[in-house]
Amino acid sequence: LGESDVIVLNDDQTLIKRKHPVPSKLDTDARTLFIRGIPKDSKLDDLEKFFANYGTVKSVRCLRHKNTKELTGTVFLELGNEEEAKKMAEIKEDIVFNDNKLNVQTKEASLKEKKESMLGKRKEPELPSYENGLVVHFKGIPEDSTVTTMQLKDFFKGLADAQYVEFIKGDIEGHVRCSSADEASKIAKSTE
């Protein structure tokens with residue numbers, strides 16, 4: 001421990017501490033690459049030696065399937081600096097490891113692509129379509145009234161087949177949607 005560049009012992013040699021403080025910002029994302037196409041039987045030592053041709057290898061993290069723990073053929077490669085990572089990402093089409101063509105992206109580009117693909121899978125919610133004449137606007141509720149949406153719905157159900165009432169307590173007007181235009185006209189006639 002006495003020759004370590006990372007840690008030192010205290011005076012009574014019972015505790016260790018860092019020689020240099022941890023940098024507040026390591027900025028590993030800028031120098032990390034996301035690489036697909038690695039043969040699943042690859043050895044970590046072989047990967048480190050191969051990637052050393054493209055820069056200073058800080059770490060190689062192989063991704064595994066959650067349940068089976070088998071390698072996925074994907075790795076995160078952290079290089080020594082951002083320039084090395086950018087340079088390797090630019091040659092992405094020409095990198096071959098054990099006869100496998102590798103797909104190399106910066107970590108940022110990979111996350112952006114994943115986000116876009118996830119957003120692309122989302123469907124816009126389908127808005128319900130109603131035939132004309134189903135909604136009746138009502139007004140004239142006293143401002144100081146304590147009437148609730150449920151009370152209004154019960155009231156309108158007594159007049160016709162009211163499906164939905166849009167009303168905020170304290171408002172003086174709202175809307176009621178009925179099951180058919182005929183039902184809506186019953187409410188419209190009774191509230192005139």
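## Strands 4 and 5

Two strands count as paired here if DSSP finds at least two bridges between them. In this predicted model, strand 4 (residues 57–64) pairs with strand 5 in the antiparallel sense over 6 bridges. One of the matched positions is Val57, whose bridge partner in strand 5 is Leu79. The hairpin formed by these two strands has 6 residues between them, and Lys69 takes a positive phi near 65 degrees there.

Strand 5 has a second partner to look at: strand 3 pairs with strand 5, again in the antiparallel sense, over 5 bridges. Strand 5 is also mostly covered, with 8 of its 9 residues buried.

## The largest nonpolar core

The largest nonpolar core has 17 residues, and Leu33, Ile35, Phe51, Leu77, Met88 and Leu102 have the most contacts inside it. Two or more residues come from each of strand 3 (32–36), helix 1 (44–51), strand 5 (71–79) and helix 2 (82–90).

Leu33 is a handy residue to click on. It stands opposite Leu77 in strand 5. Beyond its neighbours within four places in sequence, Leu33 is in contact with residues including Val75, Leu77, Leu79, Ala85, Met88 and Val104.

## A second core and the cysteines

Apart from the largest core lies another, of 14 residues, among them Val136, Phe156, Phe167 and Cys178. Cys178 counts as buried because its relative accessibility is 1%, under the 20% cut-off. Cys62, at 27% relative accessibility, therefore counts as partly exposed.

As for cross-links, a search of the whole structure finds 0 disulfides.

Key. Residues are numbered from 1 along each chain as its sequence is written. This is a predicted model: local features need pLDDT of at least 70, side-chain atom pairs count only at pLDDT 80 or more; totals for chains, interfaces and linings use all residues. Side-chain values use heavy atoms; hydrogens and water are left out. A nonpolar core is a set of buried Ala, Val, Leu, Ile, Met, Phe, Trp, Tyr and Cys residues joined through side-chain atoms within 4.5 Å. Buried means under 20% relative accessible area, exposed over 50%, partly exposed in between (1.4 Å probe, protein chains only). Helices (H or I, at least four residues) and strands (E, at least two) are DSSP runs, numbered from the N terminus. Contact means heavy atoms within 4.5 Å. A disulfide is a pair of cysteine sulfur atoms within 2.5 Å.
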